[in-house]
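Me: I've got a model open and I keep running into labels I'd like justified. Can you take me through the reasoning behind them?

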There are 2 protein chains.
Amino acid sequence: MAGEEEIGTILFGLLVLIIMAKVAGLLCEWATRASNGKVVIPSVVGEIVAGMVIGNTVLKEFLDLTDNGEIFYVLGQLGVIFLLFAVGLETPYSELRKVGKTAFYVAILGVIIPFFGGLALFMALNYGMNEALFVGAAMVATSVGITARVIKDMKLMGAKESRVIIGAAVIDDVMGLIVLSMVVGVAEGGSGGLIETLIVASEAVLFVLAIIFLGGYISKVRGKRKKPVVEMGEACAPTTPEGRTMSTSAMSIALILCLGLSYFAIYFGLAGIVGAFLAGMLFAEFRDKFFCQDKIEAINEFFVPFFFLSVGMEVNIADFGSVLVLAIVLTIVAIVTKFIGCGLGAIKMGGKSAKIIGSGMFPRGEVAMIVAWIGLDAGIVEGEVFSMVVFMAIATTLASPPLLSYYFKKKYGNTKEMKF
Amino acid sequence: MAGEEEIGTILFGLLVLIIMAKVAGLLCEWATRASNGKVVIPSVVGEIVAGMVIGNTVLKEFLDLTDNGEIFYVLGQLGVIFLLFAVGLETPYSELRKVGKTAFYVAILGVIIPFFGGLALFMALNYGMNEALFVGAAMVATSVGITARVIKDMKLMGAKESRVIIGAAVIDDVMGLIVLSMVVGVAEGGSGGLIETLIVASEAVLFVLAIIFLGGYISKVRGKRKKPVVEMGEACAPTTPEGRTMSTSAMSIALILCLGLSYFAIYFGLAGIVGAFLAGMLFAEFRDKFFCQDKIEAINEFFVPFFFLSVGMEVNIADFGSVLVLAIVLTIVAIVTKFIGCGLGAIKMGGKSAKIIGSGMFPRGEVAMIVAWIGLDAGIVEGEVFSMVVFMAIATTLASPPLLSYYFKKKYGNTKEMKF
């Protein structure tokens, strides 16, 4: 039985983390206001930087992160899962279908161009073929957590661009898995891996398609029985509508669905957040019967900052010293290729929208790190290259929110920021 | 960096725990309904039993509790801390002061009678003086978590009896600490420990008094400036009143206050939940400015079941085989002495109220286990006696909710149960 003292240490850690996150968030708001909105620094950037400060100073020992780090990490993972569930809740199936084609183009161009960009850069730098393939695969990833957070903070879930970004990110994750499987197959040599690759990829595709079709079916059946359940305005309403019952049981069902599909997504080799998003989308079809959005939002207020803090805490700044120049080059390539690729995919929506989508799609986040880590673990990627990818993942993640907020504001004007 | 697979295992564990808790809760509701309300089995009893099932069957390995147990334990601890914070939020200082005297009598008689009951029983059974002293100290504890849960589920936070119970539990925790310090002092021999005991106890008393006085001062100052902030009806209102602002910043401040005072309570040797309750009471004085009760409730819906599951999971049923008869005797003494002691303290409120208070005060829960564990760790209490105390702690915790609900219903009629 763990004693009260151990809990005391963890409470102290939570306390410091929450204070750091809040102060960092307030500083970002202050900076945004001081620049009269010309420079937009969303709170989430502050939270990641606060995490970097914690992970790279004496605070790390002070908070006993070696012992208790896993707990904060798990809280953060639950945070990003609930965040994407909440995003799914505000993404009705019917709306997603409308943008499906565009999202597909955004995803596929956002896979191909960055992949060959990364591959070409590392081939030109005289790295080995296998290593260059891994860097390419890491460039494919899109970490939609931070973009989802910016969108939610700006209350722009209903914007068409937001739906394209989220839809494309889901498709992107499936494609990223396929690319990764192929790269691992090639690196391990021989075509024996090909069939295995195909099986892994098909399972993931089937999993996502099955849920999307299920959502479509439910949407159709329920739509016939009554008037459309979700309207755009209502989808963003923060209060509990009258006449909706069973909101406490709704919460249990929502949690079970969310954690269940997140688990299965991981089981099929996808990111947990893909499952969480799909779960939210499915659950949204039952909004008239089971309403719990306000409760999920409240839970997110607690959990979500831990995710962005933990992203920052994972960064070891000392690793970047020797590889800084190359890491910056890789970051620029990562931003430009994804911005152009995804922007091109959405060019039919107009230049303003394409810029929003391009800037919302380029954060690589933890997904790129996982890809590089697999390569490191297999002995194919060396430590220096791993550090470069980590730098690129963090730098793209930090660079995206200000740009995304800026382009959103240019199109939608000043939206009221919702604070976590 | 922990991988997706590890998170998958944890998500799977959470999923199973939530499903088990929900199913157990529904079974309890069903049993209550099937008996036409004659037997009341609150959901929380089901959750503890579900925890016992998990902790004592193949599910334990299945959920990888050895590796991930700590995470579920921490979630549970956060749950009970937030639960007591929510209870504090609904306990205005002015109301607590009204019942202060009664709560004091309840606490002091609820300390003295069980202490000598346990001491006498184990002296009569020919155990050593020191061991009997430790059992007596374990009998003193009141674990208010389960009672708070029943009160909240029945929406009876505003009842006078509820306030007496909570107030007495806080006083009881301070007294329990004093008794424990004295017992440890005597067991370690010599009066050298006496001064140390006095210092520890005074620190705890000062901590609690300081916060209560602070609350009283704020209540007075704010009361002068405007009309009374908290009225009884309003205190139980589940919706966000209009015109209250800054509810998102309110949440951060609430979390910081709650975790901060919980940490300091542990630092001063008290239970974390005592600090959480005091934090809630303090924060309640600012309800007009910072309102976040609905959000705390939502967070509790997620966290609280983990506490009661983890209480059950800690039980090792196999330990009870050889000591069952004595353990049952100890349990009966524990229930009778606390019921009579606390009931006597509240006898002026009438028989019905005294029964409610007596039955709400007898769960010993984890506090008694911690006392017995200190004795075990110091080599004073033997393993068998430790198992008996653990049995007593669990049995009193399981026996209280049905009795408490029954007496509450007798006085207040059928209240609508709020489900977690």
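Me: This one is a predicted model, right? Let's start with B:Ile71: where does that residue lie?

Reply: Yes, the model is predicted. B:Ile71 is part of helix α4 of chain B, which covers residues 65-89.

Me: What makes B:Ile71 buried or exposed?

Reply: You count the other C-beta atoms within 10 Å, and 20 or more earns the word buried. B:Ile71 has 20, so B:Ile71 is buried.

Me: Which residues is B:Ile71 in contact with, leaving aside neighbours within four places in sequence?

Reply: A:Ile71, A:Val74 and B:Ile10. The test for a contact is C-beta atoms within 7 Å. For a pair that is well separated, take B:Ile71 and B:Glu196: they are 125 residues apart along the chain, and their C-alpha atoms are separated by 35 Å.

Me: And A:Leu259, why does that residue count as buried?

Reply: Same kind of count. The cut-off is 20 or more, and A:Leu259 has 28 C-beta neighbours inside 10 Å, so it counts as buried. A:Leu259 sits in helix α12 of chain A. Leaving aside neighbours within four places in sequence, A:Leu259 is in contact with B:Leu11, B:Leu14, B:Leu15 and B:Ile18. Its C-alpha is 9.4 Å from that of A:Phe85, with the two positions 174 residues apart along the chain.

Me: How do you know what relation links chain A and chain B?

Reply: Superpose chain A on chain B and look at the operation: a rotation of 180 degrees, a shift of 0.1 Å along the axis, and an RMSD of 0.1 Å. That is the relation of a two-fold axis. In chain A, the C-alpha nearest the axis belongs to A:Ile299, at 2.6 Å.

Me: What says that the same surface serves both copies?

Reply: The overlap of the contact residues: 100% of those in chain A recur in chain B. Each chain puts residues into the contact, 44 from chain A and 44 from chain B. On the chain A side, the elements giving two or more residues are α1 (4-34), α4 (65-89), α12 (247-267), α14 (293-313) and α17 (365-377). By class, that side has 27 nonpolar, nine polar and eight charged residues.

Me: Now the helix pairs. Why is α15(A) called oblique to α16(A)?

Reply: Their axes come within 8 Å and cross at roughly 135 degrees. Roughly perpendicular stops at 115 and roughly antiparallel needs over 145, so 135 falls in between and α15(A) is oblique to α16(A). The crossing is right-handed. From α15(A), the contact uses A:Lys338, A:Phe339, A:Cys342 and A:Gly343, and α16(A) brings A:Ala354, A:Lys355, A:Ile357, A:Gly358, A:Ser359 and A:Met361. Those residues divide into five nonpolar, three polar and two charged.

Me: What makes α7(A) and α9(A) parallel or antiparallel?

Reply: The angle again. They pack at about 170 degrees, with axes 9 Å apart. Over 145 counts as roughly antiparallel, so α7(A) and α9(A) are roughly antiparallel to each other. α7(A) supplies A:Asn130, A:Leu133, A:Phe134, A:Ala137 and A:Val140, while residues from α9(A) include A:Met175, A:Gly176 and A:Val179. By class, this contact has ten nonpolar, two polar and no charged residues.

Me: What is it about the phi of A:Asn126?

Reply: A:Asn126 has a positive phi of about 65 degrees although it is not a glycine. A:Asn126 lies in the loop between α6 (100-124) and α7 (129-140) of chain A. With 7 other C-beta atoms within 10 Å, A:Asn126 is exposed, since the limit for that word is 12 or fewer.

Me: Why does B:Lys155 count as partly exposed?

Reply: Partly exposed falls between 12 or fewer and 20 or more, and B:Lys155 has 16 C-beta neighbours inside 10 Å, so it lands there. B:Lys155 also has a positive phi, near 55 degrees, and is not a glycine. You'll find B:Lys155 in the loop between α8 (144-153) and α9 (160-187) of chain B.

Me: How many helices and strands are there in chain A?

Reply: 18 helices and zero strands. Buried residues make up 58% of the 420 residues in chain A.

Methods. Residues numbered from 1 in each chain as written. Chains lettered and ligands numbered in written order. Predicted model: local features only at pLDDT ≥ 70, side-chain atom pairs only at ≥ 80, totals over all residues. Axes fitted to C-alpha atoms, helices over the stretch in contact; angles between N-to-C directions. Helix = DSSP H or I, 4+ residues; strand = E, 2+ residues; numbered from the N terminus. Parallel < 35°, antiparallel > 145°, perpendicular 65-115°, else oblique. Left-handed = near helix turned anticlockwise from the far one by under 90°. Contact = placed C-beta atoms within 7 Å. Nonpolar A, V, L, I, M, F, W, Y, C, P; charged D, E, K, R; others polar. Least-squares fit on C-alpha atoms with pLDDT ≥ 70 in both.
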